[in-house]
Every structure is written in structure tokens, then in C-alpha cells.
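This note sets out some points on side-chain packing and charge pairing for a colleague's consideration. The structure under discussion follows.

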Amino acid sequence: MNNKFMKRAIELSINSVKNGGGPFSAVIVKNNEIISEGSNKVTSTYDPTAHGEIVAIREACKKINNFSLNGYELYSTAEPCPMCLAAIYWARIDKIYYANTREDARRIDFDDSFIYSEIKKNINERKIPMIQMMRDDAFKAFELWDKKIDKVKY
């Protein structure tokens with residue numbers, strides 16, 4: 001844990017707000033060095049996935065030319081939302097440090113509680129209908145992947 005990395009994330013989040021972005025930023029660190037930085041760019045890029053953590057993950061992976069951030073740590077100005085948390089797990093980041101809580105975010109109208117509650121529900125009880133179709137056709141790609149000898153596992 002290093003305060004200078006959280007201070008940098010906070011500085012980025014303040015700059016983001018001042019420049020029309022959201023109040024969320026993150027830095028990714030390895031060996032006491034910032035590898036990447038990201039600020040919320042949802043409204044500036046019209047990309048609902050452009051959260052600070054996601055932007056930082058994309059930049060770090062591109063920089064190291066690898067999808068795995070095993071051995072890295074993430075400093076975020078807020079407790080990661082469900083999407084960002086999933087991306088952090090997929091990226092295999094070792095540790096998360098965060099400043100503001102999800103309750104703090106809810107109080108300024110960034111409320112993830114609905115998403116957290118939807119994830120817990122049975123697929124047939126979620127607000128957005130999910131209808132399975134053409135599984136047999138789509139499963140062919142899974143079979144090809146399963147038999148592929150030179151696949152890159154992740």
C-alpha cells in the first residue's frame with residue numbers, strides 16, 4: 001500500500017471532473033511504479049464501459065502486450081462497480097486499493113445496487129430478458145476451441 005499511488009488516482013479523478021469526465025480514476029502499479037492510468041471517459045467517448053479501472057486495464061495490457069496483470073495492483077478512487085470488478089478478476093490483478101465506497105458513489109447518483117441485486121437473481125427473474133437461442137450452432141465454436149492445440153488459455 002502506497003499513498004502516492006492513491007494520491008495520483010485522486011488527482012486524476014479531480015482533473016477528470018474539471019474536464020467533463022466522471023469522478024472515477026485508477027492507476028495500475030507494479031514494482032512500485034505506475035504502469036498505467038485511467039479516468040472515467042463514459043460521457044466523453046460515448047462508451048459505457050470506459051470506467052477509470054477499465055481504461056487503466058486496457059492501457060496496462062496494451063503497454064505490456066499481455067492480457068494478464070498478474071503481479072500488479074490497482075489503486076481506484078472508488079470501490080469498483082460490478083463491471084470493473086469482473087474485469088479486474090479477468091485481468092488477474094493481485095490487489096485492489098480503493099478510497100470511496102459504493103455507498104459514497106450512490107449518494108452522488110452512481111448507484112450500482114440495482115446491478116448487484118440483478119446478478120444475484122435467477123436468469124429468468126432479471127429485468128432485462130435473456131433468451132437463449134441457436135445454442136447448437138454457436139456451440140461449434142466452443143468445440144473448435146476445446147480441440148484447438150495451440151490456443152492461448154486465459
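1. The model is predicted, and the comments below should be read accordingly. Lys121 is a convenient starting point: with a relative accessible area of 32%, this residue is partly exposed. Its salt-bridge partner is Glu118, and the closest N and O atoms of the pair are 2.7 Å apart. Glu118, by contrast, has a relative accessible area of 10% and is buried; the cut-off for that class is under 20%.

2. In total, ten salt bridges are found in a search of the whole structure. As a general matter, side chains of opposite charge can pair when their charged atoms come close.

3. One of the salt bridges joins Arg8 and Glu37, with 2.7 Å between the closest N and O atoms. Arg8 belongs to helix α1 (residues 3–18) and Glu37 to strand β2 (residues 33–39), so this pair ties together parts 29 residues apart in sequence. Both partners are partly exposed: the relative accessibility is 23% for Arg8 and 25% for Glu37.

4. A further pair lies within helix α5 (residues 102–107), where Arg106 and Glu103 are three residues apart and hence separated by about one helical turn. Their side chains meet in a salt bridge of 2.4 Å, N to O. Arg106 is partly exposed, with a relative accessible area of 35%, and Glu103 is also partly exposed, at 34% relative accessibility. The two residues take part in a network of salt bridges that links Glu103, Asp104, Arg106 and Arg107.

5. Turning to the interior, the largest nonpolar core has 17 residues, and those with the most contacts inside it are Ile28, Ile57, Leu69, Leu74 and Ile93. At least two residues of this core come from each of β1 (25–30), α3 (52–64) and α4 (82–91). The element that gives the most is α3, with five residues. In soluble globular proteins, nonpolar side chains tend to be buried together.

6. Which residues does Ile93 touch, not counting residues up to four places away in sequence? The contacts are with Ile28, Ile57, Leu69, Tyr72, Glu73, Leu74 and Ile88. Of these, Ile28, Ile57, Leu69 and Leu74 are, like Ile93, among the residues with the most contacts inside the largest nonpolar core.

7. Apart from the largest core lies another, of eight residues. Its members include Phe5, Leu12, Val27 and Tyr75.

Note on methods
Residues numbered from 1 in each chain as written. Predicted model: local features only at pLDDT ≥ 70, side-chain atom pairs only at ≥ 80, totals over all residues. Heavy atoms only, no water. Core = buried A, V, L, I, M, F, W, Y, C linked by side-chain atoms within 4.5 Å. Buried < 20%, exposed > 50% of the residue type's maximum accessible area, 1.4 Å probe, protein only. Helix = DSSP H or I, 4+ residues; strand = E, 2+ residues; numbered from the N terminus. Contact = heavy atoms within 4.5 Å. Salt bridge = Lys/Arg side-chain N within 4 Å of Asp/Glu carboxyl O.
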